[in-house]
Amino acid sequence: MRTETGPCECGEGTETFTFEMDDWNRTRSSTEIHCPKCREKKKRQIEAEQAHEKKRDEQLQQAQQLATERYLPQWLALFAGMTKKAAWERYTGGSGYPALGTFYQHVKHSGSLSQYMEWCLTNDLERSLCVLEVEDQEIDTLLQERARLWKPTSGPM
């Protein structure tokens, strides 16, 4: 375990950084801000990030809902009456994720091929629309805007 205390961002207070590791090399780190001004700034920043992520989630949900409303019957018909292997080949093009064995496990845990493929439509939306050979400008716009709003969480704040 290591603890370091230094000046905060504005210089009027301090921050304490704590790093911990256990016998199994699991780690945990935290920062405690002792400056009211910097703590408030961090709180506003976290709230803004949460609002940003909520907006991204809403865009994805809207795109998923549109895809389900517009293409679910067509999507399920594409895989109707197929063996699992034939469905996997159509869905993946015969390679990539999921591997055939993983696809079988997903179908098994979903209950049926049609239930798994319904899940795939909404949860692997971009690939599913490509497999369907559908170009939906409204869904594409939502997904592009969502991608534009993405920010890596590991970067500086």
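Buried means under 20% relative accessible area, exposed over 50% and partly exposed in between, with a 1.4 Å probe and protein chains only. All views show a predicted model, in which local features need pLDDT of at least 70 and side-chain atom pairs count only at pLDDT 80 or more, while totals for chains, interfaces and linings use all residues. Residues are numbered from 1 along each chain as its sequence is written, and side-chain values use heavy atoms, with hydrogens and water left out.

**View A. The salt bridge between E145 and R148 in helix α6.**
A salt bridge is a side-chain nitrogen of Lys or Arg within 4 Å of a carboxyl oxygen of Asp or Glu; the structure holds 11 of them. In this pair the closest N and O atoms are 2.6 Å apart. Helices (H or I, at least four residues) and strands (E, at least two) are DSSP runs, numbered from the N terminus. E145 and R148 are three residues apart in helix α6, so about one helical turn separates them. R148 counts as exposed because its relative accessibility is 58%. E145, with a relative accessible area of 27%, is partly exposed.

**View B. The salt bridge between K41 and E9.**
The two side chains meet at 2.5 Å, N to O. The pair links distant parts of the chain: K41 is in helix α1 (residues 36–79), whereas E9 is in the loop between β1 (2–7) and β2 (14–21), 32 residues apart. E9 is exposed at a relative accessible area of 59%, and K41 is partly exposed at 41% relative accessibility.

**View C. The salt bridge between E138 and R70, and the network around it.**
The side chains of E138 and R70 meet in a salt bridge of 2.5 Å, N to O. E138 lies in helix α6 (residues 137–148) and R70 in helix α1, so the pair ties together parts that are 68 residues apart in sequence. E138 is partly exposed, with a relative accessible area of 39%; R70 is also partly exposed, with 36%. A network of salt bridges links R70, D136 and E138.

**View D. Packing of α1 against α6.**
Two packed helices are described by the angle between their axes and the distance between the axes. Axes are lines fitted to C-alpha atoms, for helices over the stretch in contact, and angles run from 0 to 180 degrees between N-to-C directions. The axes of α1 and α6 are 9 Å apart, at an angle of about 160°. Angles under 35 degrees count as roughly parallel, over 145 as roughly antiparallel, 65 to 115 as roughly perpendicular and the rest as oblique. α1 and α6 are therefore roughly antiparallel to each other. The contact (heavy atoms within 4.5 Å) is made by residues including R56, Q59, L60 and R70 of α1 and E138, I139, L142 and R146 of α6.

**View E. The surroundings of R56 in helix α1.**
R56 counts as buried, at 7% relative accessibility. Leaving aside neighbours within four places in sequence, R56 is in contact with R146, A147, L149 and W150.

**View F. Packing of α1 against α5.**
The axes of α1 and α5 come within 11 Å and cross at roughly 45°. That makes α1 oblique to α5. On the α1 side the meeting residues are A63, Q64, A67, Y71, Q74, W75, L78 and F79. On the α5 side they are L125, S128, L129, V131 and L132.

**View G. The buried residues of helix α2 (residues 84–92).**
These residues are A87, W88, Y91 and T92. They cover an arc of only 110° around the axis (taken from the directions from the helix axis to the C-beta atoms), which puts them on the same side of α2. What covers them includes α1, α3 (100–110), α4 (113–123) and α5 (125–132). Just after α2, G93 takes a positive phi of about 75°.

**View H. The surroundings of H106 in helix α3.**
H106 is partly exposed, with a relative accessible area of 24%. Apart from neighbours within four places in sequence, H106 is in contact with Y97, P98 and Y116. H106 and W119 are 13 residues apart in sequence and 10 Å apart in space, C-alpha to C-alpha.
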